[in-house]
Amino acid sequence: MSQDTVEQRDNTEAAPSRSLLRRMVRYGFLAVALGFGAYAVAKQWDAVVAGFARLSPAALAGSLAAVVAALLGAMLTWRTLLADLGSPLPLRPAAKVFFVGQLGKYIPGAVWPMLAQMEMGRDLGVPRSRSAAAFFLMMPIQLATGLLVSLVTLGWDQYGWLLLLIPLLLVLLEPKVINGLIGYALRRLKREPLERPLTRRGMLTALGWALAGWLSYGVHLYFVAPQGGVLFAVGAFALSWCLGIMTFVVPAGAGVREIAMVAVLAPQLDRGAAIAVALSSRIVIVVGDLICAGLAGIAARRDSV
């Protein structure tokens, strides 16, 4: 028996073991992510109950539907970037990779969603470097659009300081700049360069989906706290979320987003009511994440993904 035949047989025998190990790692990832999510809810349970007691079933359902729409906008932003970089994915497999991977944001540390998306994307033929690039591009896109939405909806007089950040983010969103930064990072990591650079059309499409996501998130907050109107809710949520994104070490911006939201809601609500609104918003988003991940996983399984 030749050496090549022996090696091929060994690889064939090892394949089921590797598949089992990957499956165990994924289930372990889901268990840890869900555990941290449950802990975030239980830690503030009394305040969460008080917040939900203020909501009608119709308002709660509307808020949850708007969150699902916002999460869909985020997924389409990511999918657009991945396709523009050279890995177009069908809708259902893309939803599974994105939504299940996003559960990792509830685990302390900023890398878990990226690692999960890289692992699941690899099974669909997406190079790890491409998954990582799409993941990291999401942050400046969300920040730029979120800060712009905050500035337009909350007013220039109080939040004009946001103008100082937007030019920097716009530079970072220029495809030539982005492609240069990605290429430099891959060279430093001794990885192969991206086969296809990001295009301006792809970036503009991703920005459009991101803006749609912010509008949906604003509608979600409006159902929870309608006192300031829809535009105020859009800006309040966008600004608090952006501040949460900037805190990389905190799971999903936990705590930071709520503090910022309480401060932004201060002109419309007293402190106790604002805290209840912020926590209610957090729980609705957690439930939305779980619904999207569950539905995407079931849909993809039906397609044998």
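Axes are lines fitted to C-alpha atoms, for helices over the stretch in contact, and angles run from 0 to 180 degrees between N-to-C directions. In the predicted model, helix α3 (residues 57-84) and helix α4 (residues 91-102) pack with their axes 10 Å apart, and the angle between the two is about 105 degrees. Because angles of 65 to 115 degrees count as roughly perpendicular, α3 is assigned a roughly perpendicular orientation to α4. On the α3 side, the contact is formed by Leu71, Leu72, Ala74, Met75, Leu76, Trp78 and Arg79; these residues meet Leu91, Ala94, Ala95, Val97, Phe98 and Phe99 of α4. By class, the contact of α3 with α4 comprises 12 nonpolar residues and 1 charged residue, with no polar residues.

Helix α3 also packs against helix α10 (residues 200-224). Here the axes lie 8 Å apart and enclose an angle of about 170 degrees. Since angles over 145 degrees count as roughly antiparallel, α3 is described as roughly antiparallel to α10. The contact of α3 with α10 contains 15 nonpolar, 10 polar and 1 charged residues. The crossing of α3 with α10 is left-handed.

A further helix pair is formed by α5 (residues 112-123) and α6 (residues 128-154), whose axes are 9 Å apart at an angle of about 140 degrees. The two helices are therefore oblique to each other. In contrast to a left-handed arrangement, α5 passes α6 in a right-handed crossing. From α5, the residues Pro113, Met114, Gln117, Met118, Glu119 and Arg122 take part in the contact, while α6 contributes Arg128, Ser131, Ala132, Phe135 and Phe136. Divided by class, the contact between α5 and α6 has 6 nonpolar, 2 polar and 3 charged residues.

The internal space of the model was examined as well. The count of cavities of 30 Å³ or more comes to 1, and the largest cavity holds about 30 Å³ of space. Its lining consists of Ala225, Gln227, Gly228, Phe232, Ala233, Leu265, Gln268 and Leu269. Of the residues lining the largest cavity, 5 are nonpolar and 3 are polar, and none is charged. Gly228 is placed among the polar residues of this lining, as are Gln227 and Gln268.

How values were computed: Residues are numbered from 1 along each chain as its sequence is written. This is a predicted model: local features need pLDDT of at least 70, side-chain atom pairs count only at pLDDT 80 or more; totals for chains, interfaces and linings use all residues. Side-chain values use heavy atoms; hydrogens and water are left out. On a 1 Å grid over the protein atoms alone, a cavity is a set of points where a 1.4 Å probe fits but cannot get out, and a pocket is an open set with protein on both sides within 12 Å along at least five of seven lines; lining residues have an atom within 4 Å of a point. Grid points are joined across faces, edges and corners, and a volume is the space filled by probe spheres set on the points. Helices (H or I, at least four residues) and strands (E, at least two) are DSSP runs, numbered from the N terminus. Angles under 35 degrees count as roughly parallel, over 145 as roughly antiparallel, 65 to 115 as roughly perpendicular and the rest as oblique. A crossing is left-handed if the near helix is turned anticlockwise from the far one by less than a right angle, and right-handed if clockwise. Contact means heavy atoms within 4.5 Å.
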